[in-house]
Each structure stands twice: as C-alpha cells, then as structure tokens.
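This note is addressed to a colleague who is opening the structure for the first time. The points below may be read alongside the displayed model.

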Amino acid sequence: LVLGYLDPAFFAGGHLRLQPDAARRAIDEHVARPLGLDVDAAAAGMYRVINANMAHGVRMITIQRGLDPRAFPMVVAGGAGAVHACMIAAELDIPTLVVPYAASILCATGMLLSDLQLDDVRSCVGPLAEIDPARLRGLIATMTAAGRAELRREHVPDDRIGHEIALDLRYLKQYHEVTLPVPRTAVDDGDHAAIAAAFHVEHDRLYGYDLASEGTGLELINVRVRSIGRTDKPPLPLVPEGGADPSAALKGHRRAFIPETLGFAEIPIYDGHRLAAGNRLPGPALVERVDTAIFISAGYDGRVDRHGSLILERR
C-alpha cells in the first residue's frame, strides 16, 4: 500500500477500503524509526526482504531438486503473488512469467480441472537384483486393482483409468531414496538392468554424480502406484481480440515504487477486466482486477493472451 501497488479505494473491487495513513504509521513506528529510515525506504526494504525470502523458496523446489528455474516459465498464483512475481523472477533470472486470468483462485481452479488421482505406496525392501520379478508384479497388480476399484466407486469408467508406477530406490548403504518412474514393461519383463540404468541417470541429474561405473548395487525400498481417473476438461474462456494498444483499459496513473531505479514514479494503471487479447503493456505498469493486482516492473513487458492470461517477458 505504501509503495503504491495497491489502490486503497479499489481493494477487493472497493468492498474493503484500506487505510494508507495507518499503514505508514505502523511502518514508521515498528520499522522506519528503529532503523533510522524514512517510511518509503523502510517499505522498500521490507518489500526486498519479502521477495528474497520467496525467491529462496523457489530455489528450494527447483535447484535443490536438480531443476534450473531459468528453463521454466514461472506460473504466478495467489491474490498477492503478482505484486511480487517480477522481482522474484529477476532474482532467479527467470525470463518468462504467466499470470493466469484465475491466478487468485488457481488452486481451486486446478482442483476442479484436474484428473482424479490416488497414490498407493507399499514397502518392498531388498537388493533390487534379488527381488523376485513375480513378487514385484504381484504387488503392483494388487495395488493397481485397488486403485481401479476406488476410481470405479468414484464413477470413473474403465477406459478412463490409467496407472503410473514408480520405485523408491537408493544405492546400497545410502540413507535417502530417489523416486524413479518406471515403465510397466520393465517391471513385467523383470528388466532390472534397465531400471538400474535409469536410476543412475536420475541420480546424476539430481546430485551431479552416479556410481554406475563402481558397480554399486541398488536397494528397493518402496513401490508406488498412482491410479489416475481422467475427467472431462471444460474449455478455457476466451477474451476478445483488441490489438496491441491497451489504452481502452487505462484507468489513470499512480505514484509507485520502481525497484530497478530505487525510486518512485508515476506509472499507468490498467483495468484488468477490460484488457483484450493482444494488448501489450510495457513496464513499469500496474494491472488491477477485483481479485488481484499485477505489478509489471521496469525490467519486464506484458502481453495478454487469448485466454486473458498476462504473459510477462524480461526485456
């Protein structure tokens, strides 16, 4: 609010009126004066710390899993996510962001659009090379039958039911496992060599090394079966085409903090409900909707796709 990203008269479409003076007093009392800063500088510092903390969270679920965040677009969710997204992406060198039209309710939307999914995990401990293929096939058959029966109770027809198999494996005497998806044919054929080769590749991707050349054996810990019931997917809504010029959605201008310049500037404010497909919004800019606010920083430019999502690309 102090940085200008929220309109006190339009929060939740104007149903909740915010108090910028109270926000400034709170920051002044609890942050600015104790640190010897003015209110604007304190608010900007709070914003930087929050963004850095969230960027660290993204690192944990990408880099620590062997994934390079620069290789993926960041999908922005939550009512407040789009206020922070550009700066999180800049911290991680992510070039593309997608703010879905339903960003503020993305979890609920995803739940309604997702397939039904049941996960079953059962212990099956022993050296992989010594596991009886018939025992493994029987265990998986029992698990897939249980998953199919449960999905049938959810009224999913058999032609819409599928199963995915994964094994929790580790090198002998290692203390952590790697969950490895495996094809059903490798299990049915008892092809332990193919499973081991896939494990070495996945271990190297995750941790930067493998022990294939040393001939280190593998230990099976758990068997996992994911039973999936495919559901009908309603089509995504489309927004009208409107060309590159977004001026029809311009609401006005407001003073807001620009992180790239460490200062405030008057930036355009757009009505997100009036944006059309093809509209282009150079940063810095703000997009306001009833359910969220989207801050496009100076380092990113936005465009609206045919589903009303805002695609942000780094300059």
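**Pockets, surface patch and salt bridges**

1. The largest pocket has a lining of 25 residues, and those nearest its centre are Leu 1, Tyr 5, Leu 6, Val 83 and His 84. The reader should bear in mind that the model is predicted. The volume of this largest pocket is about 510 Å³.

2. Three helices take part in the lining of the largest pocket: α1 (20-35), α2 (39-62) and α3 (81-92) each contribute at least two residues. The most is given by α2, with four residues. Sorted by class, the lining of the largest pocket comprises 18 nonpolar, three polar and four charged residues.

3. The second largest pocket has a volume of about 360 Å³. Its lining consists of 14 residues; Pro 100, Ala 102, Thr 109, Leu 113 and Leu 236 lie nearest the centre. In terms of class, nine residues of this second lining are nonpolar, four are polar and one is charged.

4. A nonpolar patch on the surface is formed by Met 46, Ile 50 and Met 54, which together have about 220 Å² of accessible area. Of the residues in this patch, Met 54 may be examined further: Met 54 lies in helix α2, the helix that also gives the most to the lining of the largest pocket. Met 54 has a relative accessible area of 34% and is therefore classed as partly exposed, and this value is over the 30% required of a patch residue.

5. How many salt bridges are counted in the model? The count comes to 21 salt bridges. The points that follow describe several of them individually.

6. One salt bridge joins Arg 59 to Glu 91, with the closest N and O atoms 3.4 Å apart. Because Arg 59 lies in helix α2 and Glu 91 in helix α3, the pair ties together parts that are 32 residues apart in sequence. Both helices also supply residues to the lining of the largest pocket. Arg 59 is partly exposed, at 26% relative accessibility, and Glu 91 is likewise partly exposed, with a relative accessible area of 44%.

7. A further salt bridge is made between the side chains of Asp 93 and Arg 314, at 2.3 Å from N to O. Asp 93 lies in the loop between α3 and β2 (96-99), while Arg 314 belongs to strand β13 (residues 310-314), so this pair ties together parts that are 221 residues apart in sequence. Asp 93 counts as partly exposed at 35% relative accessibility; Arg 314 counts as partly exposed at 36%.

8. Asp 120 and Arg 122 also form a salt bridge, their closest N and O atoms being 3.1 Å apart. Are these two residues buried, partly exposed or exposed? Arg 122 has a relative accessible area of 29% and is partly exposed. Asp 120 is partly exposed as well, with a relative accessible area of 22%; the value for Asp 120 is not under the 20% that would make a residue buried.

9. Finally, salt bridges may also be linked to one another. Arg 24, Asp 40 and Arg 255 are connected in a network of salt bridges. The reader may wish to locate this network in the displayed model, together with the pair Asp 93 and Arg 314 and the pair Arg 59 and Glu 91.

Definitions and conventions: Residues are numbered from 1 along each chain as its sequence is written. This is a predicted model: local features need pLDDT of at least 70, side-chain atom pairs count only at pLDDT 80 or more; totals for chains, interfaces and linings use all residues. Side-chain values use heavy atoms; hydrogens and water are left out. On a 1 Å grid over the protein atoms alone, a cavity is a set of points where a 1.4 Å probe fits but cannot get out, and a pocket is an open set with protein on both sides within 12 Å along at least five of seven lines; lining residues have an atom within 4 Å of a point. Grid points are joined across faces, edges and corners, and a volume is the space filled by probe spheres set on the points. Ala, Val, Leu, Ile, Met, Phe, Trp, Tyr, Cys and Pro count as nonpolar, Asp, Glu, Lys and Arg as charged, and the others, Gly among them, as polar. Patches are made of residues with over 30% relative accessible area and no salt bridge: like charges are joined within 9 Å, nonpolar side chains (Val, Leu, Ile, Met, Phe, Trp, Tyr) within 5 Å. Accessible areas come from the Shrake-Rupley method with a 1.4 Å probe; for residues, only the protein chains shown count as cover. A salt bridge is a side-chain nitrogen of Lys or Arg within 4 Å of a carboxyl oxygen of Asp or Glu. Buried means under 20% relative accessible area, exposed over 50%, partly exposed in between (1.4 Å probe, protein chains only).
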